[in-house]
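Take a look at the model below. We will walk through a metal site and then visit one residue elsewhere in the chain.

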Amino acid sequence: MKNKLLSVLVTILCFQVGIAKPKLPKKIIFLIGDGMGLAQISGALADNTVTNAFERFKVIGLSKTKSSDNYVTDSGAGATVFSIGRKTYNGAIGVDSNGKEQDGLFEMLTDKGWGTGVVVTSSITHATPAAFYAHVGSRKSEDEIAEFLIRNHCDVAIGGGIKFFKDRKDKRDLLEELTEKGYKTIADSSEIKPIDAAKLIYLLAYDGMKKKQDGRGDYLKKATEIAIHNLSKNEEGFFLMVEGSQIDWGGHVNDFEYMKSELLDFNQTLNAVLDYAAKDKKTLVVVTADHETGGLSLLENKENKNTFKVNYSTLGHSGIMVPVFAFGPGAELFSGIYENTEIHYKFKKLLKIK
Ligand code: MG
Ligand code: ZN
């Protein structure tokens with residue numbers, strides 16, 4: 001009784017002096033546009049033909065992306081930082097700058113009883129998703145990365161990569177092993193279908209997924225909805241990472257139309273996620289990039305001044321800060337300018353993980 005009274009008083013006092021405690025989310029959906037800088041967002045959404053999901057956010061920050069050994073990060077180091085909260089070397093997956101395995105968010109979330117998942121438009125063993133559940137010295141070891149799913153820290157994974165599970169150098173059939181661990185496993189390259197399973201490995205391509213331009217359809221939005229449906233079975237809460245993997249791939253070949261189609265696909269998924277979060281009210285949505293790709297700039301087009309000329313300056317990544325957008329309980333923590341490591345600690349604060 002006394003404690004209750006005290007807590008009421010403290011709450012009133014905090015309210016009076018304006019110390020707002022951040023509201024804690026019950027679910028977190030973290031969307032990564034690989035290689036998605038401001039020029040990509042501006043350029044892809046310039047013609048205003050769809051609802052710009054990014055304009056639905058009120059809280060915006062900037063993240064500094066350098067890795068431990070390079071001002072210009074790669075996607076391995078760029079995603080590992082979100083998972084383990086430490087800068088590491090380019091190419092690393094879930095290991096620190098000394099190559100030492102460090103617990104990632106998914107391990108911490110599993111200990112807390114939360115569900116975890118990844119949905120991507122690459123193979124599920126590609127650098128960005130891998131950094132959340134695997135720990136290897138090099139992103140190239142995709143056979144080895146796949147084995148980490150057996151550790152049971154990722155409940156739902158949807159994307160490509162059949163070959164890393166069923167056509168491996170060691171001849172193991174990892175999908176069979178995962179079935180024994182309680183997963184529903186599917187390797188089926190036809191159109192995505194709704195699947196009801198709390199633990200699900202759903203592979204829809206031999207390696208990476210098709211390009212949006214080659215008929216991938218609404219795969220990303222549907223896969224995200226399937227992941228949310230299945231992860232919602234966990235009453236404690238869930239953390240889902242959704243990646244627009246190929247925004248980066250379009251940048252690497254300096255193909256603006258490829259990048260744009262991937263970004264519009266990501267935008268459509270983001271709109272669906274925001275609709276869900278706005279209704280649900282317990283879901284935090286955070287969107288960012290690991291880095292920018294292509295050194296893209298939008299220059300004056302002398303022939304048509306209503307539009308722009310696309311200018312790429314590299315086939316690689318660039319070191320410019322990337323935007324962070326946040327919506328929902330705890331979103332206010334993400335405003336400001338900070339190192340990408342901070343994103344990990346902001347999540348941990350909201351998850352009450354020490
Ligand atoms: Mg990626
Ligand atoms: Zn890249």
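Along the chain, the donors of the zinc ion (ligand 2) follow the spacing D-x3-H-x64-H. Donors here are N, O and S atoms within 2.8 Å of the metal (3.2 Å for Na, K and Ca); water is not among the atoms, so sites may look incomplete. Asp248 gives two OD atoms, while His252 and His317 each give NE2. These atoms lie 2.1 to 2.4 Å from the zinc ion. The pair His252 and His317 links distant parts of the chain, 65 residues apart. His252 sits in helix 10 (residues 246-252) and His317 in strand 12 (residues 317-318). Helices (H or I, at least four residues) and strands (E, at least two) are DSSP runs, numbered from the N terminus.

This is a predicted model: local features need pLDDT of at least 70, side-chain atom pairs count only at pLDDT 80 or more, and totals for chains, interfaces and linings use all residues. Residues are numbered from 1 along each chain as its sequence is written, chains are lettered from A and ligands numbered from 1 in the order in which they are written, and side-chain values use heavy atoms, leaving out hydrogens and water.

Is His317 buried or exposed? His317 is buried, because its relative accessible area is 17%. His252 is partly exposed, at 28%. The cut-offs are under 20% for buried, over 50% for exposed, and in between for partly exposed (1.4 Å probe, protein chains only).

Now move to Ile93, in the loop between helix 3 (75-84) and helix 4 (105-112). Ile93 counts as buried because its relative accessibility is 0%.
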